[in-house]
Structure formats: structure tokens, C-alpha cells
Amino acid sequence: MTSSPDLQASLDRVAAKYASRKDTNEVRFAALSPTSGLTWDWSERGAREPFFLASITKLFTTSIIMQLRAEGSLLLDSPAASLLEPGTLGGLHVLDGHDASDEITIEELLSHTSGLADYFEGKRADGTRLVDELAQTDRGWVTTDALDMARAMTPAFPPSTGSKALYSDTNFQVLQLVIEAIDERPYAESVAARVTQPLGLEGTYIFGTETLDRFPEIATILHGKGTFEAPRAMASFQADGGGVSTTGDALRFLRAFMEGELFPRADLDEMTRTWRRIFTPLTYGTGIMRFAVPRYMTLRPTPEMIGHSGASGTLLYYVPEKDLYLVGAINQLAKRSLPYRAASELLGAL
């Protein structure tokens, strides 16, 4: 680690505090700051190096969409349906008798302003949710199945309704279809060719049916007091949450994302120009998330962080105020605020 012994000890204490909890598992954190030269990496004793990124994977998807835009293969205001086989999205967004499915644009999918129901955490007609079902019984699906699940739910609002946003994994399932249609290969192969191989991310890949045998190598996710033993489900998320990585790889990726190695740097300004609330204090831009706590909500000011988090207790953020990249995994589905509390304490130590 490149830092003072006192700073190292302070950061280590915060990480160890969260690892000692009974509701976290195989905890790990890492940080780096190009400006200060800080590098720090901490992992719980016995923790396996690879961990599921969960929704941090959406940044891979965003990177590829922005690459395709730079290549002239699509526009952000292109209707997604125009890039897919006719009828692929039919009936996906039907509200008050109007089917807006073929009107939804790439930008609306990236920014969660499509209004599409969330196949993963949204409530179905009987009041149940897929996320709760998977905690009891593992199951797999393909992208078209996910769209069928969303079709059975009611959209939240018409596309691009004012400042409204609904965080929905369905949006990124549609983006997966777009990527596969344009690239003419499976999503996992596009991630490898366009993201992991160019950046030399040897420990990063998209978990799928062909890698089910690697499930025991990956840090276990908890769901409350139990474990989330759902390899077939994890193999099904793909573009909205199927990534596996290491702390070192994740930091390398985020730095490339922020510094223009993956797509034109000027695009990031456009992607972060407008933020819409999804869950306080989280807001969403175009394919990227922001964590910013209002001053009235905290005694200790917490600087803005941009990047993404995941439902399994993962986070990957850049802190502009400190020129700091931060990654963490606590591997707990049921305690969504925990990684943010840890991040705030780590930033306080800095």
C-alpha cells in the first residue's frame, strides 16, 4: 500500500468492522487515487478473490452501447425496436391501451426513463417477486423470458415522462438484445472483445451457463441469514448483473470508463448532465449511477460518487472531489445500505 501507516490502519479498521458483522460475507475493499498516489486493498481472511459484480455489470453494457454509438451503429434516440427483429418488443410497454414498446429509445433504456416494469424486483400480479423466489429456488431464464415476465406487469409510466425514472433491469435486458443484434455474437463475447481483453482484465468475465462449474470459485452471496445459492439465476442476468471480477480489475475498468479509454471522453459529460432520482440518495444519468447524500441528511459531508452499485452489496465508484476510485463487496442481498455506509466511513477516514 502506498500511504501513511496511520491512514492504512484507519482504512483497515473500517473494512474489518464490516467484515466482522454476521450479515456480511467475504468482504473486500480497494481504492486508488492517481493524484495522491494512494493505493489500498483489504480482504477478509479466506475471502475468494472473484466476486459477483451484480448491477455494476451495467457499466459494461453502457460502455458497449457508447462504443456502438461512436462507430455509427446506433444513435441514443434510436428506437430499440428498430435495431431488432420486428415484433421482438411487442407488448412490452402497454399502458392505458397504448403499446409504446416500439417507441422506446436507447437513451430511455440507459437512463431508466422507459417506464418498463422491472422483471427482477418488480411485483407480479400475485404480489410475488422473482428476487424473493430465487432466494428459495434456483432457476434460469433467457432474455426473451425476462421480457415475457415484464410483459405480465404494468409499466410505471409512459416513456420519458418528465423527470420520472424507474430503475428496471428489464431495460438492460433489452440493451443486451440490441448489442447481440449489432455485434452478431453473444453478449459475453462482446464484453470480452470490447472491454475485458483490451483492458487486460484477466479475472473478469460474464457468468453464464458455460461457466456454471466456476460458481464455487466465486465469493458467496448472503440473503439475510441464509446463502443465495442460485448459479442458474446468476448465469441468466448477463447484461443487467452477470459480471464477475476482482477488486484490481474493477478499479482498472472504472478508471478506463472515466478517462475515455472505452468510448469518447466527451460522452461522459453528456451521460452525467441530467440526474433523475431512483432511490434516495441514488440518482441515475445515462447508463451511470450517482450517490450523493444531501447535506441535511448527514452530520459528516459525503462527497459525490459516480459509478454503480449492485444489489448484492457491491459498489464501484469514482469520487471526483478526491480523484479517488473505490470498489467494495460485502455480498449481502438484504442490506442494501451497508456498502454505502462503509463507503462513507472509508471516505471519512481519508
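What share of the contacts in the protein with a separation of 6 or more comes from residues 24 or more positions apart? The share is 68%, where a contact means heavy atoms within 4.5 Å. The model is a predicted one, so local features need pLDDT of at least 70 and side-chain atom pairs count only at pLDDT 80 or more, while totals for chains, interfaces and linings use all residues. Residues are numbered from 1 along each chain as its sequence is written, and side-chain values use heavy atoms, with hydrogens and water left out.

Now for the overall picture. The protein's secondary structure adds up to 11 helices and 15 strands; helices (H or I, at least four residues) and strands (E, at least two) are DSSP runs, numbered from the N terminus. The radius of gyration is 19 Å, close to the 20 Å that the globule rule gives for 350 residues, so the protein is as compact as a globular protein of that length. That radius is taken over C-alpha atoms, and the globule rule is 2.2 Å times the number of residues to the power 0.38. Along the principal axes, the C-alpha atoms fill a box of roughly 60 × 45 × 45 Å.

Of the 350 residues, 56% are buried. Here buried means under 20% relative accessible area, exposed means over 50%, and partly exposed is in between (1.4 Å probe, protein chains only). The accessible surface of the protein is about 14,300 Å², and 49% of it belongs to carbon and sulfur atoms. Such areas come from the Shrake-Rupley method with a 1.4 Å probe; for residues, only the protein chains shown count as cover. As for charge, there are 33 positive and 45 negative side chains, and the centres of the two sets sit 9 Å apart. Lys and Arg count as positive and Asp and Glu as negative, with His and the chain ends not counted. Each charge is placed at NZ of Lys, CZ of Arg, CG of Asp or CD of Glu.

Next come two helices. Helix 2 covers residues 58-70, and at 1.5 Å a residue its 13 residues should span 18 Å; the end C-alpha atoms are indeed 18 Å apart, so the two values agree. The expected span is 1.5 Å times one less than the number of residues. Helix 2 is mostly covered, with 11 of its 13 residues buried. Among these are Phe60, Ile64, Ile65 and Met66, along with Lys58. Helix 2 is followed by Gly72, which has a positive phi near 85°.

Helix 9 runs over residues 247-259, and for its 13 residues the expected span of 18 Å agrees with the 18 Å between its end C-alpha atoms. Its buried residues include Leu251, Phe253, Leu254 and Phe257, as well as Asp249. Gly248, also in helix 9, is partly exposed at 46% relative accessibility. The C-alpha atoms of Gly248 and Thr302 are separated by 24 Å, with their positions 54 residues apart along the chain. After helix 9 comes Gly260, with a positive phi near 85°.

A few backbone details go against the usual pattern. Most residues other than glycine have a negative phi, and most peptide bonds are trans. Glu26 is not a glycine, yet its phi is positive, about 50°. This residue lies in the loop between helix 1 (5-19) and strand 1 (28-33), and Glu26 is buried, with a relative accessible area of 9%. Ala54 has a positive phi too, near 55°. Ala54 belongs to strand 3 (residues 51-54) and counts as buried at 11% relative accessibility. The peptide bond from Thr280 to Pro281 is cis, with omega near 5°. Pro281 is found in the loop between strand 10 (276-279) and strand 11 (282-284).

Finally, what about residues far apart in sequence? Ala349 is part of helix 11 (residues 338-349) and is partly exposed, with a relative accessible area of 27%. Leaving aside neighbours within four places in sequence, Ala349 is in contact with Leu7, Ser10 and Leu11. Ala349 and Leu11 are 338 residues apart in sequence, but their C-alpha atoms are 6.3 Å apart in space. Arg13 sits in helix 1 and counts as exposed at 55% relative accessibility. From Arg13 to Ala349 the C-alpha distance is 9.6 Å, with the two residues 336 apart in sequence.
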